[in-house]
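Me: I have a chain open here and would like to talk it through, piece by piece. Could you take my questions as they come?

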Amino acid sequence: MKLVKDGDYTRKERKFFKKRPHLTDKYGEVLEKLKTDPFDPSLKTHKLKGDLSEFYACSLTYEYRIICIFLIQDE
């Protein structure tokens, strides 16, 4: 699987880790798991409801989540 980040996400990511540098290693681990198996039980990936119903969320820590979209394309 390929992960793609848009400019807005990258900006928010940089700002988030300036305040929380201790989470960068954990974030790298989570992204690697997302690449290999996005529904790994340790990620707790789930579909969101309401206004965010087109998105999925996975766990970074108990307090923080990563919100993403899964696009399936034929190669």
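Me: Where does Gln73 lie?
Reply: Gln73 lies in the segment after S3, and please keep in mind throughout that this is a predicted model.

Me: Is Gln73 buried or exposed, then?
Reply: Gln73 is exposed, because its relative accessible area is 63%, and exposed here means over 50%.

Me: And how many Å apart are Gln73 and Lys18?
Reply: From C-alpha to C-alpha, Gln73 and Lys18 are 34 Å apart in space, with their positions 55 residues apart in sequence.

Me: Let's go to the other end. Where is Met1, and what is it in contact with?
Reply: Met1 lies in the segment before H1, and once its neighbours within four places in sequence are left aside, Met1 is in contact with Leu34, Lys35, Pro38 and Phe70. For Leu34 there is also a C-alpha to C-alpha distance to Met1, which is 8.1 Å although the two are 33 residues apart in sequence.

Me: With those contacts, is Met1 buried or exposed?
Reply: Met1 counts as exposed, because its relative accessible area is 54% and the cut-off for exposed is over 50%.

Me: New topic: what is the strand order in the sheet?
Reply: The sheet is open, has three strands in the order S1-S2-S3, and pairs them in the antiparallel sense. S1 and S3 each have a single partner strand and stand at the edges, so one side of each has no neighbour in the sheet.

Me: How many bridges are there in each pairing?
Reply: S1, residues 46-47, is joined to S2, residues 56-59, by two bridges, while S2 and S3 pair over four bridges. In the pairing of S1 with S2, His46 has Ala57 as its bridge partner, and in the pairing of S2 with S3, Cys58 has Ile66 as its partner and Tyr56 stands opposite Cys68. S2 is connected to S3 by a hairpin that runs through five residues.

Me: Which S3 side chains are buried?
Reply: Ile66 and Cys68 are buried and point to one face, whereas Arg65 and Ile67 point to the other face and are not buried. That fits the general pattern, in which the side chains of a regular strand alternate between the two faces of the sheet.

Me: Which residues make up the largest nonpolar core?
Reply: The largest nonpolar core has ten residues, namely Phe17, Leu23, Tyr27, Val30, Leu31, Leu34, Leu43, Cys58, Leu60 and Ile66. H2 gives the largest share of this core, with four residues. If you look at Phe17 and set aside its neighbours within four places in sequence, Phe17 is in contact with Leu23, Thr24 and Tyr27.

Me: What about pockets, what is the volume of the largest one?
Reply: The volume of the largest pocket is about 1,200 Å³, and its lining is made up of 30 residues, with Val4, Lys5, Ile67, Cys68 and Ile69 lying nearest its centre. The elements that give two or more residues to this lining are helix H1 (7-19), helix H2 (24-36) and strand S3 (65-68), and H1 provides the largest share, six residues.

Me: How does the lining split by class?
Reply: The lining of the largest pocket has 20 nonpolar residues, nine charged ones and one polar one.

Me: Last thing, what is the phi of Lys44?
Reply: Lys44 has a positive phi of about 55° even though it is not a glycine, and as a rule most residues other than glycine have a negative phi. Lys44 sits in the loop between H2 and S1, and it counts as exposed because its relative accessibility is 55%.

Technical notes:
Residues are numbered from 1 along each chain as its sequence is written. This is a predicted model: local features need pLDDT of at least 70, side-chain atom pairs count only at pLDDT 80 or more; totals for chains, interfaces and linings use all residues. Side-chain values use heavy atoms; hydrogens and water are left out. On a 1 Å grid over the protein atoms alone, a cavity is a set of points where a 1.4 Å probe fits but cannot get out, and a pocket is an open set with protein on both sides within 12 Å along at least five of seven lines; lining residues have an atom within 4 Å of a point. Grid points are joined across faces, edges and corners, and a volume is the space filled by probe spheres set on the points. Ala, Val, Leu, Ile, Met, Phe, Trp, Tyr, Cys and Pro count as nonpolar, Asp, Glu, Lys and Arg as charged, and the others, Gly among them, as polar. Buried means under 20% relative accessible area, exposed over 50%, partly exposed in between (1.4 Å probe, protein chains only). Contact means heavy atoms within 4.5 Å. Two strands pair if DSSP finds at least two bridges between them. A nonpolar core is a set of buried Ala, Val, Leu, Ile, Met, Phe, Trp, Tyr and Cys residues joined through side-chain atoms within 4.5 Å.
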